[in-house]
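Subject: Handing over the structure

Hi there,

Here is the structure I promised to pass on to you. Please have it open while you read the notes underneath.

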Amino acid sequence: MTALLRKLIGPFTPDGGLLFARIAGAALLLHVHGIPKIVHYQQELAHIDDPLGMGRALTLWCALFAEVVCPVLIALGLFTRLAALPVVFLLAVSMVLVHPDWSIAEGQFGWLLVIVFGTIALSGAGRYSVDAKLAG
């Protein structure tokens, strides 16, 4: 019983949690935002907000990078901290500049994603990742 308790509260529990956060967060971001932007590219291009004044096409490509490429890297645990930064930046810009009128309740999904990917950016990928394998 003591051995089981040690495993449950031992040093490996955070690595399992980071693995779960990486895969679940990446899957949600891909499913809700990334894949629909690819499938409906032309419609997205016509309607995307451009809060930083970069032009709609570049804004959409940046969003695609943050919502498709970065989640794949994060799920794999490859360049994890670096890959989480564009996601956090995109979400912060979206919540602060594009949807400033949203209440916390209306923007809760976006804010929760900021929390998930911000935690990943701060904590890294954990033991169960390509990053850990590359580090040796």
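Below is a short tour of what was found, from the whole chain down to single residues.

**The chain as a whole**

First, please keep in mind that this is a predicted model. The chain has 7 helices and 0 strands, so from the N terminus on you will read α-α-α-α-α-α-α. Its C-alpha atoms fill a box of roughly 60 × 35 × 25 Å along the principal axes. Of the 136 residues in the chain, 30% are buried. The accessible surface comes to about 8,400 Å², and carbon and sulfur atoms account for 73% of that. Among contacts with a separation of 6 or more, 66% are between residues 24 or more positions apart.

**The nonpolar cores**

Which residues make up the largest nonpolar core? There are 12 of them: L29, C70, I74, A83, A84, V87, L91, L113, V114, F117, I120 and A121. Helix 4 (56-76), helix 5 and helix 6 each give two or more residues to this core, and helix 6 gives the most, with 5 residues. A second, separate core has 6 residues, including I48, L60, L64 and V68.

C70 is a good place to zoom in on the largest core. Leaving aside neighbours within four places in sequence, C70 is in contact with F65, A83, P86 and V87.

**Helix 5**

Helix 5 covers residues 80-98. Its 19 residues should span 27 Å at 1.5 Å a residue, and the end C-alpha atoms are 26 Å apart, which agrees. The buried residues of this helix are T80, A83, A84, V87, L91, V93 and M95. What covers them includes helix 2 (13-39), helix 4, helix 6 and helix 7 (130-135).

Is T80, in helix 5, buried or exposed? T80 counts as buried because its relative accessibility is 0%, and the cut-off for buried is under 20%. Beyond its neighbours within four places in sequence, T80 is in contact with R22, I74, I120, G124, A125 and D131. L45 is 35 residues from T80 along the chain, and their C-alpha atoms are separated by 28 Å.

**On either side of helix 5**

In the loop between helix 4 and helix 5 you will find F79. Most residues other than glycine have a negative phi. F79 is not a glycine, yet its phi is positive, at about 55 degrees. With 51% relative accessibility, F79 counts as exposed, because the cut-off for exposed is over 50%.

H99 sits in the loop between helix 5 and helix 6 (108-123). This residue has 22% relative accessibility and so counts as partly exposed. H99 and L28 are 71 residues apart in sequence, and 20 Å separates them in space, C-alpha to C-alpha.

**A nonpolar patch on the surface**

Where are nonpolar residues found on the surface? L52, M54, L58, W61, F89, V96, L97 and W111 form a nonpolar patch there, and together they have about 810 Å² of accessible area. Helix 4 and helix 5 are the elements that give two or more residues to the patch, with the largest share, 3 residues, coming from helix 5. One of the patch residues is L58, which lies in helix 4. L58 is partly exposed, as its relative accessible area is 45%.

**The salt bridge**

How many salt bridges does a search of the whole structure find? The search finds 1. It is formed by E67 and K37, whose closest N and O atoms are 2.9 Å apart. E67 lies in helix 4 and K37 in helix 2, so the pair ties together parts that are 30 residues apart in sequence. Side chains of opposite charge can pair when their charged atoms come close. Both partners count as buried: E67 has 5% relative accessibility, and K37 has 11%.

**Where to start looking**

If you would like a route through the model, begin with C70 in the largest nonpolar core. Then follow helix 5 through its buried residues, from T80 to M95. After that, turn to the surface patch that includes L58, and finish at the salt bridge between E67 and K37.

Happy exploring, and do write back with any questions.

Best wishes

Definitions and conventions
Residues numbered from 1 in each chain as written. Predicted model: local features only at pLDDT ≥ 70, side-chain atom pairs only at ≥ 80, totals over all residues. Heavy atoms only, no water. Helix = DSSP H or I, 4+ residues; strand = E, 2+ residues; numbered from the N terminus. Buried < 20%, exposed > 50% of the residue type's maximum accessible area, 1.4 Å probe, protein only. Core = buried A, V, L, I, M, F, W, Y, C linked by side-chain atoms within 4.5 Å. Contact = heavy atoms within 4.5 Å. Patch = residues over 30% accessible without salt bridge, like charges linked within 9 Å, V, L, I, M, F, W, Y side chains within 5 Å. Areas by Shrake-Rupley, 256 points an atom, 1.4 Å probe, with all protein chains shown as cover. Salt bridge = Lys/Arg side-chain N within 4 Å of Asp/Glu carboxyl O. Expected span 1.5 Å × (residues − 1).
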